[in-house]
Amino acid sequence: MNGSQEMLEAVKEAVHGVTKQWDRDYYLECTREGRAPTEMYAAMVDQGLFALGVEEYLGGAGGGLAATATVMEEMSRAGTPPMLFSLTSFARQSIIRHGTADQIAEHVVPTLTAERTFCFAITEPDAGTNSFAMRTSARLREDGSYILSGQKVFISGADQATHIMVVARTTPAAEVKRRSDGISIFVLPRDTVGVSMAAMNIEWQAPERQFSVWFDDVVVPANALIGEPGRGLSGMFDSLNAERVVIAAWTLGLGSRALSKAVEHARVRAPWGVPIGSYQGVSHPLARAAAQLEAARVMTYRAADKFDSGEPAGDDANIAKFLASEASYAAVDAAIQVHGGSGFDIDTDIITLYPMVRILRVAPLNNEMILNYIAEHILGLPRNH
């Protein structure tokens, strides 16, 4: 069921129970030491947060995508965005909606206690945002199993997740009538023979890293396929639309955190005897960021509600991701400007927010491609890519 206001308030309270103990200092300590925030995830399990977004009849706590988004927003507002939670929450949507009862029992139910977690492998070196041009292939064998071969890049949390959700072609692009045909989704353990990975050199002030992942003639059983072979596009977008909403909530939390710090500073900083927040050159960028964040928040939870009710959510999910990431970037930029030179001091903990917020304008789908989507699918303009 959709998250009621009472439930979402209870979710916020549960999140605060986690972040009160495992706070921003802990998160940054994990980042510096290059270790996973396992204690934070254990606390999230104890509070039942991983069970949110999965219906009660499957053993979950309900609340839909709205509850999942609330977790992401509130934890990000505390400066502790839980990436593994994010990845798992949207990856499992394709299994819930397209998997068999056995696959749901095997893959989804263990995620309720984070016994099973996911990373999501779709992006490739040459295809980039053009997922239809992916080259990773899964060849069917006579015994019903598949041979998975190819490379994925920018796979966040690949070393921490227990399982990988892989999008691959079961029919080459050159052999399909529509570019959307021949795409399939597979789930396999991270430690499957033939799977290897190497960390990419990306700095974004988070405990999780991004990886290149190779699949070298990996044998996957028939039951690793989610849905029908070659018809995985709808399942892929069920996960991707949920991802857009989760990312929007993630950026909203970070932007709100930056804005709060800036407002607090502007209220007390008074080098000329009055708080700098009284100057319109300071207050207007903050007010503008506040308005943009609030508008993005409305769209984010509207998209979540549509997703939860089974309505087409792609339009709102894309708009939400665009608005939220742009608003959050503006909020962080304004916060740096308000703090002046101290905004670049790592101990002020403003500039530390910048890399992640900036990356989330590019990933998991860059905002230019979202504008292309809006132009084509909402405005009906000619396709140019």
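1. Let me start with P364, which is partly exposed in this predicted model. The relative accessible area of P364 is 33%, and that value falls between the 20% under which a residue would be buried and the 50% over which a residue would be exposed. P364 sits in the loop between α10 and α11, the latter covering residues 367-378. The peptide bond leading into P364 from A363 is cis, with omega near 0°, so please keep an eye on that bond when you step through the backbone.

2. What does P364 touch, once neighbours within four places in sequence are left aside? The partners of P364 are E243, I247 and K321. Two of these residue numbers, E243 and I247, fall within the range of helix α7 (residues 233-268). As a distance marker, the C-alpha atoms of P364 and T100 are separated by 28 Å, with the two positions 264 residues apart along the chain.

3. Helix α7 deserves a look of its own. It has 36 residues, and its first and last C-alpha atoms are 53 Å apart, close to the 52 Å expected at 1.5 Å a residue. How many of the residues of α7 are buried? The count is 28 of 36, and α7 is accordingly described as mostly covered.

4. T300 belongs to helix α8 (residues 280-309). T300 counts as buried because its relative accessible area is 0%, against a limit of under 20%. Leaving aside neighbours within four places in sequence, T300 is in contact with V245, A248, A249, L252 and A320. V245, A248, A249 and L252 carry numbers inside the range of α7, while A320 carries a number inside the range of α9 (314-339).

5. Helix α4 gives a neat check on helix geometry. Its 14 residues (64-77) should span 20 Å at 1.5 Å a residue, and the end C-alpha atoms are indeed 20 Å apart, which agrees. Most of α4 is covered, with 13 of its 14 residues buried. Just after α4 comes G79, where phi is positive at about 85°.

6. Two residues other than glycine also take a positive phi, and I would check both on screen. The phi of Q205 is about 60°, and Q205 is placed in the loop between β6 (195-199) and β7 (210-220). Q205 is partly exposed, because its relative accessible area is 24% and the buried class stops at under 20%. For D217, phi is near 50°, and this residue is found in strand β7 itself.

7. Is I346 buried or exposed? I346 counts as exposed because its relative accessibility is 58%, and the exposed class begins over 50%. This residue is found in the loop between α9 (314-339) and α10 (354-362). Setting aside neighbours within four places in sequence, I346 is in contact with I351 and T352.

8. A173 lies in another loop, the one between β4 (163-169) and β5 (183-189). At 40% relative accessibility, A173 counts as partly exposed. The C-alpha atoms of A173 and D349 are 46 Å apart, and the two residues are separated by 176 residues along the chain.

9. Now for the chain as a whole. It holds 11 helices and eight strands. The radius of gyration is 21 Å, close to the 21 Å that the globule rule gives for 385 residues, so the chain is as compact as a globular protein of that length. Along its principal axes, the C-alpha trace spans about 80 × 50 × 40 Å.

10. Burial and contacts come next. Of the 385 residues, 53% count as buried. Among contacts between residues at least 6 apart in sequence, 71% join residues at least 24 apart.

11. Finally, the surface and the charges. The chain exposes about 16,700 Å², and carbon and sulfur atoms supply 53% of that area. There are 33 positive and 45 negative side chains. How far apart do the centres of the two sets lie? The separation is 5 Å.

Technical notes
Residues numbered from 1 in each chain as written. Predicted model: local features only at pLDDT ≥ 70, side-chain atom pairs only at ≥ 80, totals over all residues. Heavy atoms only, no water. Helix = DSSP H or I, 4+ residues; strand = E, 2+ residues; numbered from the N terminus. Rg over C-alpha atoms; globule rule 2.2 N^0.38 Å. Buried < 20%, exposed > 50% of the residue type's maximum accessible area, 1.4 Å probe, protein only. Contact = heavy atoms within 4.5 Å. Areas by Shrake-Rupley, 256 points an atom, 1.4 Å probe, with all protein chains shown as cover. Lys, Arg positive; Asp, Glu negative; His and termini not counted. Charge placed at Lys NZ, Arg CZ, Asp CG, Glu CD. Expected span 1.5 Å × (residues − 1).
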